[in-house]
Amino acid sequence: MTPPPRFRAAIVSRIKIMADLDIAEHRRAQDGHIRLRSADHEVDVRVATLPTIFGESVVLRILDRDASTLDLARLGLDAAALAHFQPALRAQHGLILVTGPTGSGKTTTLYAALQTLNTLGVKILTIEDPVEYRLEGVSQVQVHEEAGRTFATALRSFLRADPDVIMVGKMRDADTIQAATRAALTGNLVLSTLHANDGASTVIRLLDMGVPAFLIADALRLVVAQRLVRTICAACREGYEVSADSLEPYGHTPTGHGTYTLFRGRGCPRCDFTGMKGRVGLYELMPVTRPMRELLGKVPTVDEVRALAREEGMLPLRQAALRKVIDGITSVDEVLRVTSDLT
């Protein structure tokens, strides 16, 4: 659908009204959300406006409020990944970071983790900008910088409210990161997101932002790096044979199989002739074990962290992605598109 240009201002104003934004403000970016109901299904739409030289750009991100989407097992985490994630969530304190580029599903993973923790007797506080999903039983706070309510100031207030779990929507600056790290050392489980390529580079990013190495070593419990890949359309997928050797240049570890049956989508009306329908997460989990904790205290390089993590059993993102190719969930081309920045 391409509306005529004369409707542009009216459409932008209508979206702003629905998202409770300032329709008279055209000079700065704004963020908000819209809650929509279609039949018996509810979705939240995250709204982001941006002033450009040709008028305001508006981006709408659809967030499915169906509780079944906030289930760790349905997001793409396999049994081995859950075996690392669930014990970290049961910890009484520590910092869990979910990392990845914009649009990689970090927020959904965080909310799924909160849903797992959201039981009677567990007090959960969140500070977000904006609040994307509404979770019953969770005290959610919206950032309001004009009123002085930032991530860092809210975190300091949270420590006086006796929480068990704290979720910080974004680690934007050094003050927020240091406040979250210290909160994780004082008897709180803290979950947050950070922009980093993988688990090893997350540690280096924390060091670059001024967090002392000894604090990272003491507080950090788990790093979850992730991406989103499209899945092959179930209605038109077809199998084809490849040799196992053909996957080795992409990072696949040989397993002794001579050939694999992989899948691709032919294209059909159901998937709009793309061959792909739906998305699933790729996950790399780096638990902070005792040897890793000792290494972090010595201000390591990214290569040292990555090498030790692999020795400790971490499955790198690229290899996790190739497993989903072998399982017939996604395609080699899709994996290469999403993980081109990884080794």
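**View 1. An open sheet of three strands, β1-β2-β3.** In this predicted model, the three strands line up in the order β1-β2-β3, and they pair antiparallel. The edges belong to β1 (30–38) and β3 (55–64), each of which has a pairing partner on one side only. Ignoring direction, neighbouring strands of this sheet are turned by 25 degrees against each other on average.

**View 2. Zooming in on the pairing of β1 with β2.** Here β2 covers residues 41–52, and nine bridges tie this strand to β1 in the antiparallel sense. For a landmark, look for R35, whose bridge partner in β2 is D44.

**View 3. Strand β8, buried along its length.** Six of the six residues of β8 are buried, so the strand is largely enclosed by the rest of the structure. Which residues point which way? L189, L191 and T193 go one way from β8, while V190, S192 and L194 go the other, and all are buried.

**View 4. The parallel partners of β8, namely β4 and β7.** Strands β4 and β8 run parallel and are joined by six bridges. In that pairing, V98 stands opposite T193 of β8. The pairing of β7 with β8 is parallel too, this one over four bridges. There, M167 is the residue to find opposite L191 of β8. As a reminder, strands of a sheet pair through backbone hydrogen bonds, either parallel or antiparallel.

**View 5. Helix α5 and what covers it.** Helix α5 spans residues 174–184, and its buried residues are T176, I177, A179, A180, T181, A183 and A184. What covers them? The cover includes the strands β4 (94–99), β7 (165–168) and β8 (189–194), along with the helices α4 (151–158), α6 (199–208) and α7 (213–219). So the β8 strand of the earlier views turns up again here, as part of the cover over α5.

**View 6. A side-chain contact at the start of α5.** D173 is the residue to pick out: one of its side-chain oxygens reaches to within 3.2 Å of the backbone nitrogen of D175.

**View 7. Arginines over aromatic rings, R6 and R264.** The charged end of R6 sits over the ring of F7, with 4.7 Å to the ring centre. R264 lies over the face of Y240, and here the distance to the ring centre is 4.2 Å. How many aromatic pairs are there, taking ring centres within 6.5 Å as the cut-off? The count is zero.

Notes. Residues are numbered from 1 along each chain as its sequence is written. This is a predicted model: local features need pLDDT of at least 70, side-chain atom pairs count only at pLDDT 80 or more; totals for chains, interfaces and linings use all residues. Side-chain values use heavy atoms; hydrogens and water are left out. Buried means under 20% relative accessible area, exposed over 50%, partly exposed in between (1.4 Å probe, protein chains only). Helices (H or I, at least four residues) and strands (E, at least two) are DSSP runs, numbered from the N terminus. Contact means heavy atoms within 4.5 Å. A polar contact is a pair of N or O atoms within 3.5 Å; within protein, one must be able to donate a hydrogen and the other to accept it, and residues adjacent in sequence count only if both atoms are side-chain atoms. Rings of Phe, Tyr and Trp (its six-membered ring) pair if their centres lie within 6.5 Å; planes under 30 degrees apart count as stacked, over 60 as edge-to-face and the rest as tilted. A charge sits over a ring if NZ of Lys or CZ of Arg is within 6 Å of the ring centre and within 35 degrees of the ring normal. Two strands pair if DSSP finds at least two bridges between them. Axes are lines fitted to C-alpha atoms, for helices over the stretch in contact, and angles run from 0 to 180 degrees between N-to-C directions.
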